[in-house]
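Thanks for coming, everyone. Let me put the model up on the screen, and then I'll walk you through a few parts of it.

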Amino acid sequence: MPFSSSLLAFTEGGIALFNRGKPLSSLSQAHRQLFYGINKYVERNHFEMRATITENSRITWKSFPSGLLLVHICANDQVDDPTSEHAIDMLFHALMFIIGRDTFDTDATTLRLALRVSECFDIDVMDTSITSWREIRRQRSIDTLNLCCETANTNYGMLISHGKCVVATAPLWEISAKDRCLVWSYATYLPWSDAFDGPVFLNDTNPSMMYRFIRLRLLSSVYVILLCGLSPPLYSLLEHVIPSIWKSSIPGLKDIAKADFESKNSTLHEDVMGALAVDTAFLRSVMVTPQKAIQVGATALATEQVLFSWYKAFISSDKELSRGTHQLHDSYSLHSTYNCYVLTEPHFRLVVLIRTTVPSFALRALAVHTAGLLALSGIGPKNIEE
């Protein structure tokens, strides 16, 4: 579940490059510099300060190459230290995705701009597993996408509809999970346009190589994403790729634009109020919310919000236990308006919200049944023992 947070960025010499977030809006520049001063004071005394908790905030510091210092600030009841550190790591990775390591060393102006852009990716991320990434395997779309990539002299291509990944080429699934998620995030972050062409870097896959990130609009909500080299030029793709390859696929693209996993809600058990399935190996997820809101106390919360909240609580507990010799397995929680069951398998997590009419002994069986149905979308194991 997204939480309110702020970010500060400083150079090694203490120059403020960037600040964003409501908690910082009421602070003067001098007060903001204190976050840098505290960190440097601790370093000069040969200690390391990673995080601290104030009366109502949690503050995390982390230094990166070339002296960049990122400070993440959020309410202390919203995240734990590992989650906050993870948010900073993902932000830095997004920064490197946009500007690359060489530019990062030399161009402070570009760095400031890139921080503003990359901040929109995952500043409020709970875990990189929480993404809207999913693949609906449609062979015809894959064949057309592969032909499009061959024409563009690239192995990396993706088709997205309404911000969701419909299909992607096999080589794109082979790059690192972080790079793959950033390709999707950047494609969904960019404002609507008929075409976009700009540089990106796959820092886990090939950090020294610059790729051209090309996004072409096929329909109002359907885009094809290509990671190309220096050729072919954009005008060539606009004049030849779309007319010759995708024009014949327009009827199929219209069907894709209409397709929504929500339409399959009827296949879930009537007692399932919502489900979130996460593939932690490939950082893909599928969310289904047959019931749009759940009454929690005196407030009606969106089902999506409740699912994210329980997922965040689960991974926070899992990280704490993994520091020792313990491991968190299935868990459930009973409430007055809903029950929650968390199913865990290797590289797979499922959060299911279930009506209170279902007895506690039947929760796992219903969760396993839900996992089997969601596996049809290409995520998670198909056969889980009850």
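Let me begin with a small puzzle: does Thr144 count as buried or exposed? Before I answer, please keep in mind that this is a predicted model. You'll find Thr144 in helix 5, residues 139-151. Its relative accessibility is 12%, and the cut-off for buried is under 20%, so Thr144 counts as buried. As for its surroundings, leaving aside residues up to four places away in sequence, Thr144 touches Ile245, Trp246 and Ser249.

Now to the sheets. One open sheet has five strands in the order 7-6-10-9-8, with antiparallel pairing. The edges belong to strand 7, residues 164-168, and strand 8, residues 195-202; each has a single partner strand, so one side of each is left without a neighbour in the sheet. On average, neighbouring strands here are turned by 25° against each other, ignoring direction. Helix 8, residues 234-246, packs on this sheet and touches strand 6, strand 8, strand 9 and strand 10. The direction of helix 8 makes about 55° with that of strand 9, which covers 206-219.

Let's stay with strand 10 for a while. How many of its residues are buried? Seven of the seven, so strand 10 is largely enclosed by the rest of the structure. In a regular strand, side chains alternate between the two faces of the sheet. Here is how that looks on screen. Val222, Val224, Leu226 and Cys228 point one way from strand 10, while Tyr223, Ile225 and Leu227 point the other way, and all are buried.

What about the partners of strand 10? On one hand there is strand 6, residues 156-161, which runs antiparallel to strand 10, residues 222-228, and is joined to it by six bridges. If you follow that pairing, Tyr156 sits opposite Leu227, and Gly157 sits opposite Leu226. On the other hand there is strand 9, also antiparallel to strand 10, with seven bridges joining the two. In that pairing Arg217 faces Tyr223. The connection from strand 9 to strand 10 is a hairpin through two residues.

Gly157 also gives us a way over to Trp173: the two are 16 residues apart in sequence, and their C-alpha atoms are 9.9 Å apart in space. Trp173 belongs to helix 6, residues 170-174. With a relative accessible area of 12%, Trp173 is buried.

On to the nonpolar interior. Which residues touch the most other members of the largest nonpolar core? That core has 37 residues, and the answer is Leu70, Phe97, Met158 and Phe213. The element that gives the most to this core is helix 3, residues 81-106, with nine residues.

Next, a look at helix 2, residues 29-44. Its 16 residues should span 22 Å at 1.5 Å a residue, and the end C-alpha atoms are 23 Å apart, which agrees. Helix 2 does have a kink, though, of about 25° and centred on Phe35. Phe35 is also one of the buried residues of helix 2, along with Arg32, Tyr36, Asn39, Lys40 and Val42. After helix 2 comes His46, with a positive phi near 65°.

Finally, let's turn to another open sheet. Five strands make it up in the order 12-11-17-16-15, again with antiparallel pairing. Strand 12 and strand 15 take the edge positions with a single partner strand each, so one side of each is left without a neighbour in the sheet. From one strand to the next, the twist averages 10°. Inside this sheet, strand 11 and strand 17 pair in the antiparallel sense over seven bridges, and Ala275 stands opposite Val352 of strand 17.

The helix to look at here is helix 11, residues 363-374. Its twelve residues reach 17 Å from first C-alpha to last, close to the 16 Å expected at 1.5 Å a residue. Which of its residues are buried? They are Leu363, Leu366, Ala367, Val368, Thr370, Ala371 and Leu374. And what covers them? The cover includes strand 11 (272-279), strand 12 (284-288), strand 15 (331-334), strand 16 (339-345) and strand 17 (348-354).

That's my tour; I'm happy to turn the model around for anyone who would like another look.

Conventions. Residues are numbered from 1 along each chain as its sequence is written. This is a predicted model: local features need pLDDT of at least 70, side-chain atom pairs count only at pLDDT 80 or more; totals for chains, interfaces and linings use all residues. Side-chain values use heavy atoms; hydrogens and water are left out. Two strands pair if DSSP finds at least two bridges between them. Helices (H or I, at least four residues) and strands (E, at least two) are DSSP runs, numbered from the N terminus. Axes are lines fitted to C-alpha atoms, for helices over the stretch in contact, and angles run from 0 to 180 degrees between N-to-C directions. Contact means heavy atoms within 4.5 Å. The expected span of a helix is 1.5 Å times one less than its number of residues. The bend at a residue is the angle between axes fitted to the seven residues ending there and the seven starting there. Buried means under 20% relative accessible area, exposed over 50%, partly exposed in between (1.4 Å probe, protein chains only). A nonpolar core is a set of buried Ala, Val, Leu, Ile, Met, Phe, Trp, Tyr and Cys residues joined through side-chain atoms within 4.5 Å.
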